[in-house]
Amino acid sequence: MLAHKKNRRQLALLLPILLPVVLISVLPLMRGVYLGFTDYRLGDEVHFNGYENYVQLFHDTFFWQSFRVGIVWTVAVTAGQILLGLGLALLLNTRIRFSSIYAVLMLVPWAMPPIIRGIVWRQLFDLDTGAVNVIFSALGIIDKPINWLSSFEYAIPAVIIAGIWGEVPKAAVFLLAGLQAIPHSLYEAARIDGASRSNELRHITLPSLKPILAAIVSLSFMWNFNTFGIVWVLTQGGPGGLTRLPMLAAYEEAFRYGYVGYAAAIGNVMVVVISLILFAYLRIELKERISPAKV
Amino acid sequence: MTKKKKILFTAGTHAGLILFISFLLFPLFWLTVTSLKSTTEIYSGSANMFPHIISWSHYASVVREEHILQSMWNSLIVGIISTIGSVALALPASYALVRYKSPANNAVLGWILSSQIFPAVLLVIPLYVILRNLHMTDSLFGLSLVYIVWSLPFVLWMLHGYMKGVPVELEEAAMMDGATTTQVLFRVLFPILLPAIGASAVFSFVSSWNEFFFALVLLKRPDYITLPVELAQYTGMEGQARTGPLAAASVIATIPSLLVFIVMRRWFASGLIAGAVKE
């Protein structure tokens, strides 16, 4: 086939996505990043103001607070969902009876929109009628009902538990797919050599799973850092801004107060923070994977 | 392994799974129970695991509230348009990515990866302006367009991964018989790719059905609002009267995605394995 003809054919196949992607994703993103360097307020004109927003952010205690809780939330939810998801995937991968029923049932939290997840956990954590207080009281864990979501002590852990619960299925589904893609021959060879189950896990399963584990950790990290809906319903960022994740902070700046430029600046800092953390994580991951081969 | 050990292992696995699944299912169970209790029982202070008398009144009041039904309908329409749209757009594109090598591929793959990093807040204001210029704000189609592009990275990635595993000889044989690229795509590849297409469709339907942020900002007219936005309006002001209907509406809102998962279960699993993992 002639080269230019081939190019044209490829272009024809790509064109249907290029147009919407450029119009709905690339252009607005570039514009959004640019707005982070302006003093744009809703309805006003756009004026470039260099790094002024970032100087202001640096002195903004609410901003620091929201990023601190953002990091705590992201690390905790990602770690929790991966660990529980891995456990669930390993159990399901034993292919015992009913495993396909379990595999469908575990998807339930994923089938609930984040808003509904928030609604459910609000009801579960409710002071008077919530199941958490009822069960914990019955088990003797607490003496009197606790108002979990508005307590300074428990609001963050409570929100994190709801978050982990909602994100476990996604992690489990991908990790299960990863486990099922590991060639059976590896296990058969190990069994001939008399390897125990824990040895199999350590020397075959986890190393084979590493690429997909790194991928799902990175993706979950990005998704969790950008969380909005569930916390919006659970606490609206309260009590006292304690659970105000970066996306909530940015939303409030833009749509409650109209400081769109400032909100976009928060968005830009989010991008930089996630990129740095992911870069560090993937560097460690890749190094680990390369070094044993050298030895 | 000895037989005794094997039985223990199986029992332990079931116990572990049941524990896990109970944790994952309990909130929906609680929601369902609440939705079936009468308002007096919800606030009687004795939070029972099962309702004394099953009352359908909350479901009845959800059906009576036209706003909620309308918003469900809107969510369904947006979900269906964006699912069909993202798969239809991604199919030829992923074919181009796998079968032709060019700099355009790197640009598309780069976009797939980098798009996940950007928070929606950076996108949404400029997007609003663009949609307004296209006369597509406050339109279900405009929102669907946003969702199509929003789920494209993942759908592209899955189809691209799956298509890589399809031998090129199949297409060459069809080409020899005089088939055009379009015919190859839809007659030869489509049937082979069905599991991956199914998995992508599930993914994009569920992500559209669940999405909240864009819908919150981009839609203002009450009759175009999607279900998550509609239900979010009721939280924060749930007095005694609200808890029951909110629970009932939430149960109903869970059903479509759950059905999609159940019906597409087999495709979902096999499409994911090959599409997302083989890299």
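At which residue does α8(A) bend, and which proline follows within four residues? In this predicted model, helix α8 of chain A covers residues 155-180. The bend, of about 35°, lies at A:E167, and the proline that follows within four residues is A:P169. From its first C-alpha to its last, α8(A) reaches 38 Å over 26 residues, which is close to the 38 Å expected at 1.5 Å a residue. The surroundings of α8(A) leave it mostly covered, with 22 of its 26 residues buried.

Chain A as a whole contains 13 helices and zero strands. Read from the N terminus, its elements therefore follow the order α-α-α-α-α-α-α-α-α-α-α-α-α. The C-alpha trace of chain A spans about 80 × 70 × 40 Å along its principal axes. Of the 295 residues in chain A, 45% are buried. Among the contacts in chain A with a separation of 6 or more, 70% join residues that are 24 or more positions apart.

Two individual positions in chain A were examined. A:A214 is placed in helix α10 of chain A, residues 197-225. A:A214 counts as partly exposed because it has 17 C-beta neighbours inside 10 Å, whereas a buried residue would need 20 or more. When residues up to four places away in sequence are not counted, A:A214 touches A:L282 and A:E285. With respect to A:W110, A:A214 is 104 residues away in sequence and 21 Å away in space, C-alpha to C-alpha.

The second position, A:L42, belongs to the loop between α1 and α2 (52-58) of chain A. A:L42 has 13 C-beta neighbours inside 10 Å and so counts as partly exposed; the exposed class is reserved for residues with 12 or fewer. Apart from its neighbours within four places in sequence, A:L42 is in contact with A:G258 and A:V260. Between the C-alpha atoms of A:L42 and A:H184, which are 142 residues apart along the chain, the separation is 59 Å.

The contact between the two chains takes 79 residues from chain A and 75 residues from chain B. On the side of chain A that touches chain B, helix α1 of chain A (residues 3-35) gives the most, with 20 residues. The class composition of this side of chain A is 60 nonpolar, 14 polar and five charged residues.

Chain B is divided into domain 1 (1-55) and domain 2 (65-277). The centres of these two domains of chain B, taken over C-alpha atoms, are separated by 32 Å. Each domain of chain B contributes nine residues to the contact between them. On the side of domain 1 of chain B that touches domain 2 of chain B, α1 (3-36) and α2 (39-42) of chain B each supply at least two residues. The largest share of that side, five residues, comes from α1(B). By class, this side of domain 1 of chain B consists of four nonpolar, four polar and one charged residues.

The confidence of the prediction was also assessed. The model has an ipTM of 0.90 and a pTM of 0.91. For chain B the average pLDDT is 86, and 92% of the residues score at least 70. Among the elements of chain B, the highest mean pLDDT, 94, belongs to helix α10 of chain B (residues 213-218), and the lowest, 67, to helix α13 of chain B (residues 265-277). Where pLDDT is low, predicted coordinates should not be read in detail.

Definitions and conventions:
Residues numbered from 1 in each chain as written. Chains lettered and ligands numbered in written order. Predicted model: local features only at pLDDT ≥ 70, side-chain atom pairs only at ≥ 80, totals over all residues. Contact = placed C-beta atoms within 7 Å. Nonpolar A, V, L, I, M, F, W, Y, C, P; charged D, E, K, R; others polar. pLDDT = per-residue confidence, 0-100. Expected span 1.5 Å × (residues − 1). Bend = angle between axes of the 7 residues up to and from the residue. Domains from an automatic or database assignment.
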